[in-house]
Amino acid sequence: MTKIGFIGLGRMGLGMASNMQKKGFSLVVHDVNGAAVDKLVNLGAEAGADAADVAARSEIIITMLPNSAIVHQVICGPGGVLSAAKAGSLVMDMSTVSPETTDAVAAACNAQVVGFVDAPVGRLASHADAGQSLFMVGASKADFERVKPAMEAMGTTIYHCGETGAGTRTKIVNNFLAISLCQLNAEAMTLMQGFGLDLENTLDVLHGTTATNGQLKVNWATKGLIGDIEPGFTIDLAHKDLTLVMEAANAARVPMPMAAAAREMFSQARAQGKGGIDFSGMLNVGCENARLEVPRLPHNSRHRI
Ligand code: NAD
């Protein structure tokens, strides 16, 4: 059976790796957080000593790490994946990183006859837990077929977006919209409070017009609007992604005024010490700025999911 290495068992990676392990894949895992590794070992996975050890023991090595610098270090750095990966093995990075990082890591892999696939993940952490993620994949046709069974164990929806690098670039377009919507929702909900309107009636209207959006309908109804600020997806990671959006767009000479405005509101949230809360907590930032009470759905609300 193909041995799968999995590095990065955080809010997303823990659920993704657990789903693969439960569906019969053979995993060797690593995270700097030993408690996360123990959870996978309890499900039957093997523990790798470090990234190199995972690579030496795997045919496909998956990374699900916080940011570009860590992904580059774990794959290309000293003692990293490429210091021990077997020729003919394949690295699949599923983190959200810059296009430059994806292109550089892919080139380093290919120089060692190691395949590379970028497959960032769409939807929420709760979808990753439930094995219902969406994947946007940049890969050759042959590499795409090779990683497809692993993705089928972790999600329900897989898009082959193009050659290597197309997955990361698609994710940047997606996250521009998803995260900016979060900021727009914060402003809309704060304005509603400022007008003294009813939350449930306002949501009925918004969900019934072209103003409707998945952030408000799914993420906010299960997180920010019920007062749950446990991440989820942190404001720190959302700020990281909007920064990726702006840098990548600048490199492509594409102006992104809405991304810039949204990014700076996430900067403000971080300055207020809110970087670690769920990104639907931008609602709290908007209401605090306007000195308004944060709106909450009642327990029996028709808008709760
Ligand atoms: P997280 O911070 O919860 O998890 C990252 C994990 O990587 C942690 O367990 C951490 O201990 C581990 N790690 C850090 N440095 C390491 C190293 N050098 N070696 C081994 N392990 C290391 O983050 P997350 O929410 O799981 O997100 C992971 C990636 O997925 C990010 O790029 C994020 O932008 C993206 N993403 C997140 C979501 C979401 O809803 N949370 C959704 C889609 C994509």
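# Notebook: salt bridges, ligand and backbone

**Entry on R169 and D103.** I began with R169, which is partly exposed, with a relative accessible area of 37%. I note here that the model I am reading is a predicted one. Which acidic side chain does R169 meet in a salt bridge? I found that the partner is D103, at 2.8 Å from N to O. The two residues belong to distant parts of the chain, 66 residues apart. R169 sits in helix α8 (residues 166-195), and D103 sits in helix α5 (residues 99-111). I then looked up the exposure of D103 and read a relative accessible area of 34%, so D103 is partly exposed. I also recorded a network here: salt bridges that share partners join K3, E46, D53 and R57.

**Entry on the other salt bridges.** How many salt bridges does a search of the whole structure find? The search gives 14. I looked up R11 and D129 among them, and their side chains meet at 3.0 Å, N to O. This pair also links distant parts of the chain, with the two positions 118 residues apart in the numbering. R11 is in the loop between β1 (3-7) and α1 (13-22), whereas D129 is in helix α6 (residues 125-129). Buried residues have under 20% relative accessible area and exposed residues over 50%. R11 has 37% relative accessibility, so I entered R11 as partly exposed. D129, at 38%, is partly exposed as well.

I continued with K86 and E59, whose side chains form a salt bridge of 3.3 Å, N to O. These residues are 27 residues apart and again link distant parts of the chain. K86 lies in the loop between α4 and β5 (90-93), and E59 lies in the loop between α3 (51-56) and β4 (60-63). I read 34% relative accessible area for K86, which makes K86 partly exposed. For E59 I read 29%, which is partly exposed too.

**Entry on the ligand.** I next asked which residues are closest to the ligand. They are R11, M12, D31, T96 and K240, in a shell of 25 residues. R11 therefore appears twice in my notes: it is among the closest residues to the ligand, and its side chain is in the salt bridge with D129.

I then looked up polar contacts made by backbone atoms. A backbone N or O atom of M12 lies 2.8 Å from an oxygen atom of the ligand. A polar backbone atom of T96 is 3.0 Å from an oxygen atom of the ligand. A polar backbone atom of G232 is 3.1 Å from a nitrogen atom of the ligand. I also noted the cover: of the 840 Å² of accessible area that the ligand has on its own, the protein covers 85%. The elements that give two or more residues to the shell are α4 (68-76) and α11 (235-251).

I sorted the shell by residue type and recorded 13 nonpolar, 7 polar and 5 charged residues. Why does the ligand lie between domain 1 (3-164) and domain 2 (170-289)? I reasoned that it lies there because both domains give residues to the shell.

**Entry on E200.** Is E200 buried or exposed? I found a relative accessible area of 15%, so E200 is buried. E200 lies in helix α9 (residues 199-207). The side chain of E200 is joined to that of S301 by a polar contact of 2.5 Å.

**Entry on the backbone.** Before this search I wrote down the usual case: most residues other than glycine have a negative phi, and most peptide bonds are trans. I then looked for departures from it. The peptide bond from P231 to G232 is cis, with omega near 25 degrees. G232 is in the loop between α10 (214-222) and α11, and a polar backbone atom of G232 is the one I noted at 3.1 Å from the ligand.

Two residues other than glycine were entered for a positive phi. For V113, phi is near 55 degrees; V113 is in the loop between α5 and β6 (115-118). With a relative accessible area of 59%, V113 is exposed. For R123, phi is near 80 degrees; R123 is in the loop between β7 (121-122) and α6. R123 has a relative accessible area of 40%, so I entered R123 as partly exposed.

Note on methods:
Residues are numbered from 1 along each chain as its sequence is written. This is a predicted model: local features need pLDDT of at least 70, side-chain atom pairs count only at pLDDT 80 or more; totals for chains, interfaces and linings use all residues. Side-chain values use heavy atoms; hydrogens and water are left out. A residue is near a molecule or strand if one of its heavy atoms lies within 4 Å of it. A polar contact is a pair of N or O atoms within 3.5 Å; within protein, one must be able to donate a hydrogen and the other to accept it, and residues adjacent in sequence count only if both atoms are side-chain atoms. Accessible areas come from the Shrake-Rupley method with a 1.4 Å probe; for residues, only the protein chains shown count as cover. Helices (H or I, at least four residues) and strands (E, at least two) are DSSP runs, numbered from the N terminus. Ala, Val, Leu, Ile, Met, Phe, Trp, Tyr, Cys and Pro count as nonpolar, Asp, Glu, Lys and Arg as charged, and the others, Gly among them, as polar. Domain bounds come from an automatic or database domain assignment. A salt bridge is a side-chain nitrogen of Lys or Arg within 4 Å of a carboxyl oxygen of Asp or Glu. Buried means under 20% relative accessible area, exposed over 50%, partly exposed in between (1.4 Å probe, protein chains only).
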